[in-house]
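Subject: Handing over the structure

Dear colleague,

Please find below the structure that I promised to pass on to you. After it I have set out what was found there, taking one topic at a time.

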Amino acid sequence: MFKISEFSRLSRVSLKTLRFYDQIGILKPADIDKETGYRFYAAEQLVTLNRILMYKDLGFTLQQIQQLLHEEMSVEQLQGIFRQKEREMEQLLEVEQARLNRIKERLLTIEQKGYVEQEVVFKRVEAQKVVSFRSEGTVEELPMLFDRLAHYAGKQQRGMLSPIVLWKESERDETAFELEIGYVLKQDISLPTDMLAIHMLPEEPMMATLVQRVEPFVPSTACIDLAKWIERNQYRIKKDQPGRENYLQSPHGGDMYVEVQIPIESP
């Protein structure tokens with residue numbers, strides 16, 4: 001039998017950790033002196049402790065380790081637990097690999113351009129109620145279409161939030177887009193004209209988004225930059241779902257920003 005201090009030196013596990021393992025019941029002392037309260041451990045408990053350390057190194061939680069140590073398990077049950085851990089680690093590796101790829105992209109951008117580009121962010125977009133009208137045209141026509149939207153909305157703009165544009169490729173004209181120009185609604189309104197319609201945009205579980213400042217007379221590259229990023233990272237753009245652009249005023253006034261949102265799914 002070894003005192004806890006001796007067992008700690010033999011196992012190279014701290015006294016604090018051994019006391020904690022005793023407290024949660026994962027490795028209790030073989031004996032406790034009733035008068036002094038000293039903990040004593042048997043030599044064979046080094047084997048159990050080594051198993052605990054091995055399971056920790058493999059990424060198992062203390063709760064899982066306690067189950068592995070103290071429950072009678074069949075070979076099939078053990079295989080199931082290890083396969084589950086294998087799947088968890090593979091998913092973690094995929095996430096970390098994607099993060100590593102983004103870091104490499106940033107480094108490459110800094111080397112080529114000397115600055116850091118805006119980060120592509122994944123987000124879930126909740127369902128939104130919008131008031132809008134549909135048109136067909138090019139990106140260059142957006143300012144004119146926004147003027148038309150403001151004219152249609154009139155005084156009802158007080159019940160509306162930021163402008164939004166939905167777009168997808170036109171089936172009739174390769175040079176144009178099917179566009180929907182509108183406002184996100186913050187409250188119910190009565191339609192000021194039959195040129196506008198109210199409907200709900202569906203929730204999108206995974207949007208790739210990129211924010212860019214709107215520069216007067218300078219074409220925005222956000223859509224192109226985001227599309228290239230999606231292609232490089234081997235995601236798929238969801239079919240039959242339009243891309244979105246949300247136009248946001250800076251809270252300090254002045255600058256206008258556009259957040260491009262493209263619905264995607266895993267490859």
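Which residues form one aromatic cluster with Tyr 55? The other members of the cluster are Phe 60 and Phe 82, and I should say at once that they, like everything below, come from a predicted model. Phe 60 also has a charged neighbour, since Lys 85 lies over the face of its ring, at 5.2 Å from the ring centre.

The structure holds ten aromatic pairs in total. In one of these pairs, the ring centres of Phe 133 and Tyr 152 are 5.3 Å apart and the ring planes stand at 85°, which is over the 60 degrees required, so the pair counts as edge-to-face. This pair connects distant parts of the chain, with Phe 133 in strand S5 (residues 128-137) and Tyr 152 in helix H6 (residues 142-153), 19 residues apart. Both Phe 133 and Tyr 152 are buried.

Turning to charged side chains, the general point is that those of opposite charge can pair when their charged atoms come close. The structure holds nine salt bridges, and I describe some of them here.

Lys 123 and Glu 259 form a salt bridge in which the closest N and O atoms are 2.8 Å apart. The two residues come from distant parts of the chain, as Lys 123 belongs to strand S4 (residues 121-125) and Glu 259 to strand S12 (residues 256-265), with their positions 136 residues apart in the numbering. Glu 259 has a relative accessible area of 10% and is therefore buried, being under the 20% limit, whereas Lys 123, at 31% relative accessibility, counts as partly exposed.

Another salt bridge joins the side chains of Asp 188 and Lys 129, at 2.9 Å from N to O. Here too the pair links distant parts of the chain, for Asp 188 sits in the loop between strand S7 (177-185) and strand S8 (197-201), while Lys 129 is in strand S5, and the two are 59 residues apart. Asp 188 is exposed, with a relative accessible area of 62%, and Lys 129 counts as partly exposed at 30% relative accessibility.

There is also a network, in which salt bridges that share partners join Asp 22, Lys 28 and Arg 39. Within this network, the bridge between Asp 22 and Lys 28 has its closest N and O atoms 2.9 Å apart. Asp 22 is buried, with a relative accessible area of 8%, whereas Lys 28 is partly exposed, with a relative accessible area of 47%.

For the helices, I would point you to H4 (residues 62-70), where Ile 65, Leu 68 and Leu 69 are buried. These residues cover an arc of only 95° around the axis, and so they lie on the same side of H4. Helix H1 (residues 4-11) contains Ser 8, which is buried, with a relative accessible area of 12%. The C-alpha atoms of Ser 8 and Tyr 41 are separated by 9.8 Å, although these residues are 33 residues apart along the chain.

You may also want to look at the largest pocket, which holds about 1200 Å³ of space. Its lining is made up of 40 residues, and those nearest the centre are Val 139, Leu 142, Cys 223, Glu 245 and Tyr 247. At least two lining residues are supplied by each of H6, strand S6 (160-169), S7, helix H7 (222-232), strand S11 (243-249) and S12.

Finally, there are two backbone details to check when you go through the loops. Arg 12 has a phi near 60°, a positive value in a residue other than glycine, and its place is the loop between H1 and helix H2 (15-24). Arg 12 is exposed, with a relative accessible area of 80%. Gln 234, which is not a glycine, likewise has a positive phi of about 60°, and it is found in the loop between H7 and strand S10 (236-237). At 58% relative accessibility, Gln 234 counts as exposed, because the limit is over 50%.

With best wishes

Terms used: Residues numbered from 1 in each chain as written. Predicted model: local features only at pLDDT ≥ 70, side-chain atom pairs only at ≥ 80, totals over all residues. Heavy atoms only, no water. Phe/Tyr/Trp six-rings, centres within 6.5 Å; stacked < 30°, edge-to-face > 60°. Helix = DSSP H or I, 4+ residues; strand = E, 2+ residues; numbered from the N terminus. Buried < 20%, exposed > 50% of the residue type's maximum accessible area, 1.4 Å probe, protein only. Lys NZ or Arg CZ within 6 Å of the ring centre and 35° of its normal. Salt bridge = Lys/Arg side-chain N within 4 Å of Asp/Glu carboxyl O. Arc of directions from axis to C-beta. 1 Å grid on protein atoms, 1.4 Å probe; cavity = no way out; pocket = protein on both sides within 12 Å on 5 of 7 lines; lining within 4 Å. Points joined across faces, edges and corners; volume = space filled by probe spheres on them.
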